[in-house]
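Welcome to my notebook. I went through the structure below piece by piece, and you are welcome to follow along.

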Amino acid sequence: MPLKQVLVVDDEPDIRALVSLILQKLGGFTVRAASSGREALDALRDGFMPDIILLDVMMPGMDGVQTLAEMRAMPAIEKLAICFLTAKIQPADIAQWRALGVDEVLTKPFIPAKLVDQVRSCWENVKRDRP
């Protein structure tokens, strides 16, 4: 089954719009955007089932780490690819996030032409390693 649906979670409207546009136009994906961890969790609980989730780390209220923990506790989500999309890139953070269940860490700012390939690569790696 090919990669089709992406959930983008970011509190910045410009980032949500840009990532959505890139993934739709260059990747041909269907994209749903959420402005907070809570909104993303509500969408998942309401039955939206993406193939991959792109999750910002630094968000007000419920941050990406808290959102990731709640997502990984949901049985339907445990095998789903989840990638952090963040400007905060420190080796210690990345190691901690991987231990918590994030599959990949993509950096902001990102190169639009490479974002689709990075998303697809994360999804393919998870599908291979977690059938």
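**Entry 1: strand pairing.** In which sense, parallel or antiparallel, do strand 1 and strand 3 pair? I looked this up with the caution that the model is predicted. Strand 1, residues 5–9, runs parallel to its partner, strand 3, and four bridges join them. Picking out one bridge, I found Leu7 matched with Ile53 of strand 3.

Next I turned to strand 4, residues 81–86. Strand 3 pairs with strand 4 too, again in the parallel sense and over four bridges. Here the bridge partner of Ile53 is Ile82. I then traced how the chain gets from strand 3 to strand 4: it passes through helix 3, residues 64–72, and this β-α-β crossover is right-handed.

**Entry 2: the faces of strand 3.** Side chains in a regular strand alternate between the two faces of the sheet. With that in mind, I checked each side of strand 3, residues 52–55. Ile52 and Leu54 are buried on one side, and Ile53 and Leu55 are buried on the other, so to speak a strand covered on both faces.

**Entry 3: helix 5.** How far apart are the end C-alpha atoms of helix 5? I worked from its 18 residues, 112–129: at 1.5 Å a residue the helix should span 26 Å, and the ends are indeed 26 Å apart, which agrees.

Which residues of helix 5 are buried? My list reads Leu115, Val116, Val119, Cys122, Trp123 and Val126. Looking down the helix axis, I saw these buried residues fall within an arc of 130 degrees, so they line one face of helix 5. This fits a general pattern: an α-helix has 3.6 residues a turn, so residues three or four places apart point the same way.

What do the buried residues of helix 5 pack against? I noted helix 1 (13–25), strand 3, strand 4 and strand 5 (104–107). On the other side of helix 5, I found Ala113, Arg128 and Asp129 exposed.

**Entry 4: two loops.** Ala87 sits in the loop between strand 4 and helix 4, residues 91–100. Is Ala87 buried or exposed? Its relative accessibility is 52%, and exposed means over 50%, so Ala87 counts as exposed. I also compared Ala87 with Val105: they are 18 residues apart in sequence, and their C-alpha atoms are 9.7 Å apart in space.

My last stop was the loop between strand 5 and helix 5, where Pro109 lies. Most peptide bonds are trans. The one from Lys108 to Pro109 is cis, with omega near -5 degrees.

Note on methods:
Residues numbered from 1 in each chain as written. Predicted model: local features only at pLDDT ≥ 70, side-chain atom pairs only at ≥ 80, totals over all residues. Heavy atoms only, no water. Buried < 20%, exposed > 50% of the residue type's maximum accessible area, 1.4 Å probe, protein only. Pairing = 2+ DSSP bridges. Right-handed = clockwise from strand over helix to strand, strands pointing away. Expected span 1.5 Å × (residues − 1). Arc of directions from axis to C-beta. Contact = heavy atoms within 4.5 Å.
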